[in-house]
Amino acid sequence: MKPTTRGTLAAALTCVATATAGAATASSAAAVTSVPVPVPLGGVEKALKVELPEARGELPVPVPGEPKGTRYVEGRLLPDRAVPQLPVSGGLPGGDVRAPLPHVLGSRFDHLAVSAPPSDLRALAPGLSVQAPVGQPEGDRYGLPGTGLPQAGVVTPMLQTVPAATVVTGPGL
């Protein structure tokens, strides 16, 4: 094999490897639905020499979806949804807090933990439906369109989620 052929082949393999690694990184970054947020309290604990609560959180990354298109209805000049609804999926933020208790409930209950995992959230933005004051041409009126009052309506937004939380007490959580 000539040196130029080997160099060309090496360059091609390097390009393929780089593209594959870039695609893997991009797909894993696109799959992230929440970002962890630690709350650093370790330095304060050491400085004050007391046990402080441990706290962590998760913030969701909202992802816009594909808008639902307009629908054409027979007898109307304009489509049913002039401004379509935009779906957005994401989540409610989650949190995890563990705190010491000063033996208020006895020696077996010295820690309290509250955990709220991030929950899925689906939403639809409001839409707009408009009817024009001029209708379709009518045969009994010699092709002239019918008239009426203009009408506008707001398509209501939608929000769906199921939040959850857990509270636990015990020794040395």
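Strands, like helices, are taken here as DSSP runs, a strand holding at least two residues and being numbered from the N terminus. In this predicted model, strand E5 covers residues 94-100 and contains Asp96. The report first outlines the chain, then turns to its sheets, and ends with the surroundings of Asp96.

## Overall features

The chain has 173 residues, of which 12% are buried. Its secondary structure consists of 2 helices and 13 strands. Among contacts with a separation of 6 or more, 66% are made by residues 24 or more positions apart. The accessible surface of the chain is about 12500 Å², and carbon and sulfur atoms account for 66% of that surface.

## The five-stranded sheet

Strands of a sheet pair through backbone hydrogen bonds, in either a parallel or an antiparallel sense. In this chain, 5 strands are arranged as an open sheet in the order E1-E2-E5-E6-E13, with antiparallel pairing. Strands E1 and E13 (166-170) stand at its edges; each has a single partner strand, so one side of each lacks a neighbour in the sheet. From one strand to the next, the twist averages 10°.

The pairings from E1 through to E6 can be followed strand by strand. The table gives, for each pair, the number of bridges and one bridge between named residues.

| Strand pair | Sense | Bridges | One bridge |
|---|---|---|---|
| E1 and E2 (residues 54-60) | antiparallel | 6 bridges | Pro38 with Arg56 |
| E2 and E5 | antiparallel | 5 bridges | Glu58 with Gly94 |
| E5 and E6 (residues 111-116) | antiparallel | 6 bridges | Ala99 with Leu112 |

Pro36 offers a view of the edge strand E1, which comprises residues 34-39 and includes this proline. Pro36 is exposed, with a relative accessible area of 62%. Apart from neighbours within four places in sequence, Pro36 is in contact with Gly57 and Glu58. Gly57 is 21 residues away from Pro36 along the chain, yet their C-alpha atoms are separated by 5.9 Å. Glu58 also takes part in the pairing of the next two strands, since its bridge partner in E5 is Gly94.

## The four-stranded sheet

Another open sheet has 4 strands in the order E3-E4-E7-E12, and its pairing is antiparallel. Its edge strands are E3 (63-64) and E12 (158-161), each of which pairs on one side only. Strand E3 is joined to strand E4 (residues 87-92) by 2 bridges, and the two strands run antiparallel. In one of these pairings, Val63 has Ser89 of E4 as its bridge partner.

## Asp96 and its charged partners

Side chains of opposite charge can pair when their charged atoms come close. The chain contains 2 salt bridges. In one of them, Arg56 pairs with Asp96, and the closest N and O atoms are 2.4 Å apart. Arg56 belongs to strand E2 and Asp96 to strand E5, so this salt bridge ties together parts that are 40 residues apart in sequence. The side chains of Asp96 and Arg56 are also in polar contact, at 2.4 Å.

In accessibility, the two residues fall into separate classes. Asp96 has a relative accessible area of 11% and therefore counts as buried, the cut-off being under 20%. Arg56, with a relative accessible area of 52%, is exposed because the value lies over 50%.

Arg98 forms a salt bridge with Asp96 as well, with 3.7 Å between the closest N and O atoms. Arg98 is partly exposed, its relative accessible area being 29%. Through shared partners, the salt bridges join Arg56, Asp96 and Arg98 into one network.

The further contacts of Asp96 place this network within the five-stranded sheet. Leaving out residues up to four places away in sequence, Asp96 touches Glu54, Ala55, Arg56, Val114 and Ser115. Strand E5, which holds Asp96, is joined to E2 by 5 bridges and to E6 by 6 bridges. Arg56 takes part in the sheet in a further way: this residue is the bridge partner of Pro38, in addition to forming its salt bridge with Asp96.

Note on methods
Residues numbered from 1 in each chain as written. Predicted model: local features only at pLDDT ≥ 70, side-chain atom pairs only at ≥ 80, totals over all residues. Heavy atoms only, no water. Buried < 20%, exposed > 50% of the residue type's maximum accessible area, 1.4 Å probe, protein only. Contact = heavy atoms within 4.5 Å. Areas by Shrake-Rupley, 256 points an atom, 1.4 Å probe, with all protein chains shown as cover. Polar contact = N/O pair within 3.5 Å; in protein donor to acceptor, adjacent residues only side chain to side chain. Pairing = 2+ DSSP bridges. Axes fitted to C-alpha atoms, helices over the stretch in contact; angles between N-to-C directions. Salt bridge = Lys/Arg side-chain N within 4 Å of Asp/Glu carboxyl O.
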